[in-house]
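Colleague: Could you take me closely through a single part of this model, a helix and what surrounds it, and keep the reasoning tied to particular residues?

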Amino acid sequence: GLLPNDIDVFAVTAATPSQPSYAYYYNKTIATYLADEFSVRWLQDSAKYWDTNESLVQQFKNVEKKVKQSQPQKYGDTDFDDEPIQDFQGYDQNANHSVWQVLMNNTLHQAAGIPRQSEDAWNRPSTEYQNSRDVKLATLQHRYLDADDIELKMHWASEVKKEIDERSRSDLLFDRLVTFVVNSIRPPVNLSDLMKAIRVGHVKPSNFQCLKLAYRQFNQLCQHWTDYSLQYVNTLNNLCEVFGNEAAAWIQRGLDDLC
């Protein structure tokens, strides 16, 4: 809800502010995930309906129905959401539409290593998905399982352990940080319930001064943010929203001690 509705910008996201998106189609050849669920469904829809004058809002509705692991959102100015997607997506007007569509579909299949299927089968949601916070760990685990010699297998086993240890440190650090800040300020409420709400709840950010400062402090005092630890920006936001600018000083003290 932070994007104004009068600036001629129509925006869509793969998930709600409190959800991750999901990676799709792990490819053994290049040992990585190829896309996320939302982008795959969006590309499929663009290829299928390019010649039909499909509107922006109709495309969003189609993609929204096909994305199963998260809930796509739309924001901003909707005054022009009935205009066709061709007006907004890059395309060579001199190219042959049907050739572009065939190439699009075949490229997606070949890259994902998926046998060529009917269009209906290709459009069915895949079950090969992974929470975006877990993509690095899942990729390392795939590489361990796919390794064909013992030295390589041990290397990837070590990398898996390193990633798990790093995640555990992040989990413990933010758990302790919440406890430190809440116990330091001690508001007149049930502290246990408040700490639980701060750890798992989600509120719309408004105190960006506090949040930006806390974000930089973690980066400087502790470690660089990772795909996994970025989920705890939500925790910092909750502290800033509950305690206001007072939170920033206590967050810095806590990170000084914990890191």
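Modeller: Just after α6, R186 takes a positive phi of about 50°, and the helix that ends there is the part I would look at closely, bearing in mind throughout that this is a predicted model. The helix α6 has 36 residues, and from its first C-alpha to its last it reaches 53 Å, close to the 52 Å expected at 1.5 Å a residue. At the other end, where α6 starts, a side-chain oxygen of D149 reaches to within 3.1 Å of the backbone nitrogen of E151.

Along α6, the buried residues are W156, V160, E163, R167, S170, L173, F174, L177, V178, V181, V182 and I185. An α-helix has 3.6 residues a turn, so residues three or four places apart point the same way. With that in mind one can follow the buried positions W156, V160, E163 and R167 along the helix, and then continue through S170, F174, L177 and V181. What covers the buried residues of α6 includes α5, which spans residues 135-146, together with α7, α8, α9 and α10.

One of the buried positions, S170, deserves a separate look. S170 lies in α6 and counts as buried because its relative accessibility is 3%, where the limit for burial is under 20%. Leaving aside neighbours within four places in sequence, S170 is in contact with Q223, Y228, S229 and Y232. Of these partners, Q223 sits in the loop between α8 and α9, and with a relative accessible area of 22% it is partly exposed. Q223 and S170 are 53 residues apart in sequence, yet their C-alpha atoms are 9.6 Å apart in space. Beyond its neighbours within four places in sequence, Q223 is in contact with E166 and F218 as well as with S170, and a polar contact of 2.8 Å joins the side chains of Q223 and E166.

Further along α6, the picture becomes that of a nonpolar core. In soluble globular proteins, nonpolar side chains tend to be buried together. Here the largest nonpolar core has 26 residues, and those with the most contacts inside it are F174, V182, L236, F243 and I251. The elements that give two or more residues to this core are α6 (150-185), α7 (191-200), α8 (208-221), α9 (233-243) and α10 (246-258), and the largest share, seven residues, comes from α6. V182 shows how the end of α6 is joined to what follows: setting aside neighbours within four places in sequence, V182 is in contact with P187, L191, L194, M195, I198 and F243.

The helices around α6 also pack on one another, and α9 takes part in two of the pairs that I would describe. Two packed helices are described by the angle between their axes and the distance between the axes. The axes of α7 and α9 come within 7 Å and cross at roughly 130°, and α7 and α9 are therefore oblique to each other. In that pair, L194, A197, I198 and R199 of α7 meet T235, N238, L239, V242 and F243 of α9. L194 and I198, which take part here, are also among the contacts of V182, as is F243.

For the second pair, the axes of α9 and α10 likewise come within 7 Å and cross at roughly 135°, which makes α9 oblique to α10. The contact between them is made by L236, L239, C240 and F243 on the side of α9, and by E246, A247 and I251 on the side of α10. L236, F243 and I251 in this contact are also among the residues with the most contacts inside the largest nonpolar core.

One more residue of α10 ties that helix to residues earlier in the sequence. A248 is found in α10 and, at 8% relative accessibility, counts as buried. Leaving aside neighbours within four places in sequence, A248 is in contact with C210, L213 and Q217. A248 and L211 are 37 residues apart in sequence, whereas their C-alpha atoms are 7.7 Å apart in space.

Setting this part against the whole, the protein chain has ten helices and five strands, and buried residues make up 38% of its 259 residues. Among contacts between residues at least 6 apart in sequence, 72% join residues at least 24 apart, and the pairing of Q223 with S170, 53 residues apart, belongs with such contacts.

Notes:
Residues are numbered from 1 along each chain as its sequence is written. This is a predicted model: local features need pLDDT of at least 70, side-chain atom pairs count only at pLDDT 80 or more; totals for chains, interfaces and linings use all residues. Side-chain values use heavy atoms; hydrogens and water are left out. A nonpolar core is a set of buried Ala, Val, Leu, Ile, Met, Phe, Trp, Tyr and Cys residues joined through side-chain atoms within 4.5 Å. Buried means under 20% relative accessible area, exposed over 50%, partly exposed in between (1.4 Å probe, protein chains only). Helices (H or I, at least four residues) and strands (E, at least two) are DSSP runs, numbered from the N terminus. Contact means heavy atoms within 4.5 Å. The expected span of a helix is 1.5 Å times one less than its number of residues. A polar contact is a pair of N or O atoms within 3.5 Å; within protein, one must be able to donate a hydrogen and the other to accept it, and residues adjacent in sequence count only if both atoms are side-chain atoms. Axes are lines fitted to C-alpha atoms, for helices over the stretch in contact, and angles run from 0 to 180 degrees between N-to-C directions. Angles under 35 degrees count as roughly parallel, over 145 as roughly antiparallel, 65 to 115 as roughly perpendicular and the rest as oblique.
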